[in-house]
Amino acid sequence: MVPKVDLVLIFRSSPGKVLSKPQARENARQAERQYTRLLDVLKKGGLRAAGKCGESGGQLLVLVACPQNTLARLAQRERYSDFVSGLPMADPTTPFDLDSTPLSPADRLRLIHTYVTSTVSDGGLGVAPGSTDWDRIESVMTLHDHAFNDAWIRSWTTRQLGFVQFESIKDQFGEAIALYFSFLSFYTKFLVFISAAGVYFYFYGQPYSPVYSSILLLWSIVFVEAWRIKQRVLAVRWGTRGSFRVEKRRAQYVPIPWWQRDLRMLANMPVIMLFAAVLAALLTGIFVFEAFVTHLYTGPGHRWIVYTPTILISLVVPRFLKIYHSYAVSITNWENHGHQSTHDASLTIKTFTLSSIVDYLGLALSAFVYVPFGEEVITFVQHALERNTGAAASAQTWLFSFPSSLMSPSATRPSGRGFWEMDSTIARNKLSPTRLQDQMFASTVTNQAVNAFLEIGLPYVLRAVESLQKGKGLALAANGAGAAGAGKKKHVMFEDQPEGNPARDAHAQEREFLEGVRREVALPEYELFQDYREMVTQFGFVALWSTIWPLAPVMSLVNNWFELRSDAFKIAVHARRPVPSRTDTIGPWLDSLMFLSWLATLTNSALVYLFRPSDHCKPLRTTLDRAHHRMGPSDASNRQLLLTALLIALAASHGYIIVRVVVRHVLERVLWRGSPEAQEAERVETVVKAQYLKSFGVAEVVDTDGPAQSDKPAGIDEDDDPEDGFWAYDEGLDELSRGTKDS
């Protein structure tokens, strides 16, 4: 019989490096002490625990199961905590029976995981990865439900042709994962309208249409504000509104004054700004080299030098971001956040800031430097190269060391200037008239197709390579959690072999189960950050830059239809099961969406001003089939053009504030006021507390459902009132009667 396992703790007994004999003996003693203490803590906490060998040497898998009585105690304790913290819930005084009201799989795993990993002061066992007391515990994970995963994946390709059902996801993976799929579905549905508008304006409208740009800005504001209300509705419906109040403290948290933590966060700002400035300078240098220098160079190897920027982007930028991420993790840990949600929010903002620079800076430089001022920039580069003839001569000497197969005939020119195109007319003709559209196509089509392969296809390739390295042959099949029956072996039975040996069958089932556990342990942890980042970045491309190519929303819509399915497949097959958690918001991603919608007002107004066609404007020829134009007089200087575009962008940003206030006001009344969720949110504020008081026999202030009141006021004893004469005589009716007679 397959055992019921709730958690798996990965315990590392050896550091993974070669140790001397004395060091190995001391390491073994320390590992044994910590492992023994771990089992003792788990068993004293009312849990079952047993260690099994892991896939690699020095790895132990501690399997944990929670008995029913311990689970009932944890559930009842959470009800008390929710009641004290003001979360919507049932009356905590009523008896709680797991048999009549069973917990969902997500709630069960969340309760047990929180109990094991939360600090002792919060009522947990304090067994958390990263804590000083448990430095040998690498991670705490949960196991997949193979039957659910298999049915979930099949439902996408058979019955469920539309959008995902969130209740089953919530019950299986928790509110955080269900909220992500709800966001992705909500965003995908919103893309339908702007996609239809984009198709119309692409085929029938003028390029850089101010009408489409205005519709796009209004759409982005409405989407952000509508989602703000939608996540509130879901939080009320799922009973997680205000769940941050019951979040447990991190094991790494050390109590410090609030001002000290704020000073640490403030001190980290210069570090982040320094990394951002270095990254922007690096990307700008690569952009100038790719957009201008490679087109002017005509010396040896000029056919190959065009690939240099791509190589630099592929090698330098990921390494730079990896270094920055390690620093971001360190300084976020130094900030000493008390809860995991605030810690993750701080790290998300730091990481997404620099990734946004990588995603959007290239388009910004092309739109506001290459297209409007490309001729001036390439002339400036030519003059700079002409002034540095000595450097050009040195470059000639170095380049002549290239193999002759890479050298073009132009390499026989006698001077360094011969390596560069100095004819202004020829150089200007080398500027790409479709650069902006090509970049948008690459961002919204090519990059998304590559990301889909990295999420779905690459894990199969990596597993096949790993299988070959271990000498197990080529294994492309999914060995993860999502494949029900993955790893099951067929047992050959002989005719004279007795059947129905319970001991042998139980041993075989246990062996297969442990093999499946080891395969799941080998999988990477699921990172919700990456999926949110992908969708928020895509929203930025649509809101900021789809004025350049109005078909970008259509490409995003098609991608997201597949993204819903690929993300489900990735969770079920290519990653460990996400640890369930309660949440009522998408956190810092909502702030990022709001910032991008504001930034879209700046970019769209500037793009429309610079490139919208007009009869009295100078053409820029930014596409092969349509002529885009620069607004303003034909003799306007670049400085005047940029200043005017900046003023228009600032004016548009103020208009954004007004429009957002109006949209929020209208949507609050249309989508929230009077909705069942709003009424439920108001009701639960008092009904649970009123029921709690009733359970103690405390009467209500006004009992509208009780018997009819007597004529004599309750609580007043006329015989004992010394001021009875004053209160017994009323002059109001006499005065009113006198006024009636006089009239």
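These notebook entries record what I looked up in a predicted model of one protein.

**Entry 1: Overall composition**

I began with the chain as a whole. The protein has 743 residues, and 44% of them count as buried. Its secondary structure comes to 23 helices and 6 strands. I then looked up the contacts with a separation of 6 or more, and found that residues 24 or more positions apart account for 78% of them. For the accessible surface I noted about 39600 Å², with 61% of that area belonging to carbon and sulfur atoms.

**Entry 2: The nonpolar cores**

I next looked up the nonpolar cores. The largest has 105 residues, and F181, F539, W545 and I586 are the members that touch the most others. Helix α7 supplies the largest share of this core, with 14 residues. A second core, separate from it, has 26 residues, including L7, L42, C66 and Y115.

I followed F539 further. Which residues does F539 touch, not counting those up to four places away in sequence? I listed Y187, W219, S220, F223, V224, L593, L596 and S597.

**Entry 3: Strands β1 and β4**

I turned to the strands. Strand β1 (residues 7-12) and β4 run antiparallel and are joined by 4 bridges. One pairing I noted is that of F11 with I137 in β4. Strand β4 covers residues 137-141, and 4 of its 5 residues are buried.

**Entry 4: Helix α10 and the residue after it**

I checked the length of helix α10, which runs over residues 308-335. Its 28 residues should span 40 Å at 1.5 Å a residue, and its end C-alpha atoms are indeed 40 Å apart, so the two values agree. The buried residues of α10 are P309, V317, F320, Y324, A328, I331, T332 and E335.

The helix is followed by N336. This residue is not a glycine, yet its phi is positive, at about 60 degrees. I located N336 in the loop between α10 and α11 (340-387). N336 counts as buried because its relative accessibility is 5%, under the 20% limit.

**Entry 5: Two further loop residues**

I found another positive phi at Y208, about 55 degrees, although Y208 is not a glycine either. Y208 lies in the loop between α6 (175-204) and α7. Is Y208 buried or exposed? Its relative accessible area is 2%, so I recorded Y208 as buried.

I also looked up S243, in the loop between α7 (210-238) and α8 (258-296). With a relative accessibility of 7%, S243 counts as buried. Leaving aside neighbours within four places in sequence, S243 is in contact with L87, R582, T583 and D584.

**Entry 6: Salt bridges**

I counted 24 salt bridges and examined three of them.

The pair E510 and K52 has its closest N and O atoms 4.0 Å apart. It links distant parts of the chain: E510 is in helix α15 (residues 502-522) and K52 is in strand β2 (residues 48-53), 458 residues apart. I recorded E510 as partly exposed, at 35% relative accessibility, and K52 as partly exposed, at 28%.

The pair R576 and E525 has its closest N and O atoms 3.6 Å apart. R576 lies in the loop between α17 (552-574) and α18 (588-611), and E525 lies in the loop between α15 and α16 (528-545), so this salt bridge ties together parts 51 residues apart in sequence. How do the partners stand in terms of cover? R576 is buried, at 11% relative accessibility, whereas E525 is exposed, with a relative accessible area of 51%.

The pair K570 and D567 meets at 3.9 Å, N to O. Both residues lie in helix α17, 3 residues apart, which is about one turn of the helix. K570 is buried, with a relative accessible area of 11%, and D567 is buried, at 0% relative accessibility.

Lastly, I noted a network in which salt bridges that share partners join E78, D82, D107, R110 and R582. I had already met R582 in Entry 5, among the residues in contact with S243.

Conventions
Residues numbered from 1 in each chain as written. Predicted model: local features only at pLDDT ≥ 70, side-chain atom pairs only at ≥ 80, totals over all residues. Heavy atoms only, no water. Helix = DSSP H or I, 4+ residues; strand = E, 2+ residues; numbered from the N terminus. Buried < 20%, exposed > 50% of the residue type's maximum accessible area, 1.4 Å probe, protein only. Contact = heavy atoms within 4.5 Å. Areas by Shrake-Rupley, 256 points an atom, 1.4 Å probe, with all protein chains shown as cover. Expected span 1.5 Å × (residues − 1). Pairing = 2+ DSSP bridges. Core = buried A, V, L, I, M, F, W, Y, C linked by side-chain atoms within 4.5 Å. Salt bridge = Lys/Arg side-chain N within 4 Å of Asp/Glu carboxyl O.
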